[in-house]
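Biologist: Please take a close look at one part of this predicted model. I would like to hear about the contact between the two domains of a single chain, and then how the chains themselves meet.

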Amino acid sequence: MKQYTLAVATLVFLVLTTGATAFGLLDAYYQLVLMFIGVNIILSASLNLINGYMGEFSCGHAGFMAVGAYVSSVLSVWLFTRDGKLGAALLSPELAVYLFPAILLAGTVAAALAGLLVAIPSFRTRGDYLAIITLAVNYIVKSIIENTEAVGGARGFMGMKKVVDAMTEVADLPWMMIWVMIGTVFTLLVIRRFVSSTYGKGIVAIRDDEIAAELMSVNTRRLKMVAFMLSSGLAGLAGGLFAHILGYINPGSFTIMKSTECLVMVYLGGMGSLSGSVLSAVGFTLLLELLRPLELIKWVVVPFMLILLMLFRPEGLMGSRELSDLFPRLRAYHRTGRE
Amino acid sequence: MSLFQIQGLTHYFGGLRAVHNFNVTLEGGELMGLIGPNGAGKTTVFNLVCGVYRPTQGDIRLNGTSLPGRYPHQVSSLGIARTFQNIRLWAEMTVLENLNVAQHCHLGYGLADLFIKTKTFRQREGEIYRVSREMLEVLELKDVAHEVPKNLPYGIQRRVEIGRALTMKPKLLLLDEPAAGLNSAEVVGLMRLIQWIQEEFHLTVWLIEHQMKVVMNICTWIQVLDFGATIAEGTPDDIRQNKRVIDAYLGEEVH
């Protein structure tokens, strides 16, 4: 029974927060922060798959987020609302509630396919060279969006608020909060399951010694493809959620700056530590909010803290350990892959 | 049909001829030695067999299947496992995980199984852990199962590396200087271990070694390589007395 404690605790947390939101106990600002925490957890956990577990350096995570954000936004606006460019709603807006997961999935799949742009070069290049490729992909995605008038170009794209409103009309629930929480839990489950299996540990073997992995029957090409597509796909999921939370997106939200934020969260939490990624996403999001009164100075304070972190604790909060390694008692409460 | 056969293997690195017209046949069950001075091309032969390089010329066959042109992971899945001159364990994974991951060729489940946690997935993962545990048991490595290799002494790391290769259930095991860096007591242990695993797992072993004590004592057949070409082959006694081998490699004092 103990092993279900974590699942039950998560569920209780979800129900409590949703309940509090639904009954207006949580003001809109806290809701927003909570949702951004969820999105950031997805981003840092998915990037950790590449930078932490597989040991490559991807610095274009925001590019995949953008693909997911735009694909799901365009789909939901096109299908469920009347839009100046995209025409009348194709489906009845009430259906949005039921089809929203499919829309998020479409964004996820599109981002995963965009991940191939990095996965395929990764067969031949690695390290610094691959990092430059990821950077290039980030710029390519951003420039394509900026120059596509159909999705608003540099001005951005909006209309997702109406879709969320349509969901609320069917049932008065904090829908975005629910989807973000489901998305976050889903992401963590998928990544944990992957990296705790023998299949997924192949990517750690690639990090430690790629040639040995290849010679010990690990199909490194297939694994790299899976890892990159999984990571970028989940970034796309985060993008889709992000777009529908804000109701407005523009290419400026998905620049190298955003990718850097993702990197900071991964390194803050510890490479190859899933619980580290979660903790750092929570901490980082809260920190940014707390420092909001500082306005622009925030962007001096935060990078400076990063310098301090690299100097005094380069392995991040958790190193490559999990919470259950630090507190072995926790292990009884959920199953890890360590048998 | 013989288990393993190399015919006319020739390889160039740019203009440098590293291996020249190399031939070998292993019927199965041998303990074959490959010796020669540094730079003779021994490790290159192993790398060619494993698919690290694609040979310029020549054919390599395992059970009649031609190997050149296949990826290393395909070659190893066909039944060739190896160890490395300078140990290449995955340093951040535990010993048990090292042994698990080497069983990727026997994974037997796909991504869908993994994410849905199907019965196949659970059975196969259980089987993988069982094989690794058994291997740790027979190699007396049980105590270090949850250690990471980088914290272990060199001799133990060697044994883990051999264990990792064995969990792949190979038909042919290539050992690249297994005695390098071991003290003399460990070398004796290693010799016993190699002979024992060869019988226990019905393996064909092909090893590169510089320590004549090892080669002369355990190998049934020895091939000597110099400048990429075979200069002699035969039983340990033949090799010891061969004039060309003494000149090129052994020197006078070894008898």
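Modeller: Domain 1 and domain 2 of chain B bury about 450 Å² between them, and 80% of that area lies on carbon and sulfur atoms. On the domain 1 side, B:Ser77, B:Trp196 and B:Phe201 supply 52% of the area buried against domain 2, more than any other three residues. Domain 1 of chain B covers 4-79 + 170-250, and domain 2 covers 91-154. Eight residues of domain 1 and five of domain 2 make the contact. The domain centres, taken over C-alpha atoms, are 28 Å apart.

Zero salt bridges cross this domain interface. Zero residue pairs are in polar contact there, counting pairs with both residues at pLDDT 80 or more. Helix α7 (residues 184-200) of chain B gives the most to the domain 1 side, with three residues. By class, that side has six nonpolar, two polar and no charged residues.

Now the chains. Chain A and chain B bury about 3000 Å², with 63% from carbon and sulfur atoms. A:Thr198, A:Leu215 and A:Met216 lose the most area in chain A, together 25% of what that side buries. The contact takes 28 residues from chain A and 38 from chain B. Two salt bridges are counted between the chains. B:Glu97 and A:Lys201 form a salt bridge through their side chains, at 3.3 Å, N to O. Across the interface, 17 residue pairs are in polar contact, both at pLDDT 80 or more. α8(A) gives the most to the chain A side, with eight residues. That side has 14 nonpolar, six polar and eight charged residues.

Key. Residues numbered from 1 in each chain as written. Chains lettered and ligands numbered in written order. Predicted model: local features only at pLDDT ≥ 70, side-chain atom pairs only at ≥ 80, totals over all residues. Heavy atoms only, no water. Domains from an automatic or database assignment. Contact = heavy atoms within 4.5 Å. Buried area = accessible area lost by both parts, 1.4 Å probe. Salt bridge = Lys/Arg side-chain N within 4 Å of Asp/Glu carboxyl O. Polar contact = N/O pair within 3.5 Å; in protein donor to acceptor, adjacent residues only side chain to side chain. Helix = DSSP H or I, 4+ residues; strand = E, 2+ residues; numbered from the N terminus. Nonpolar A, V, L, I, M, F, W, Y, C, P; charged D, E, K, R; others polar.
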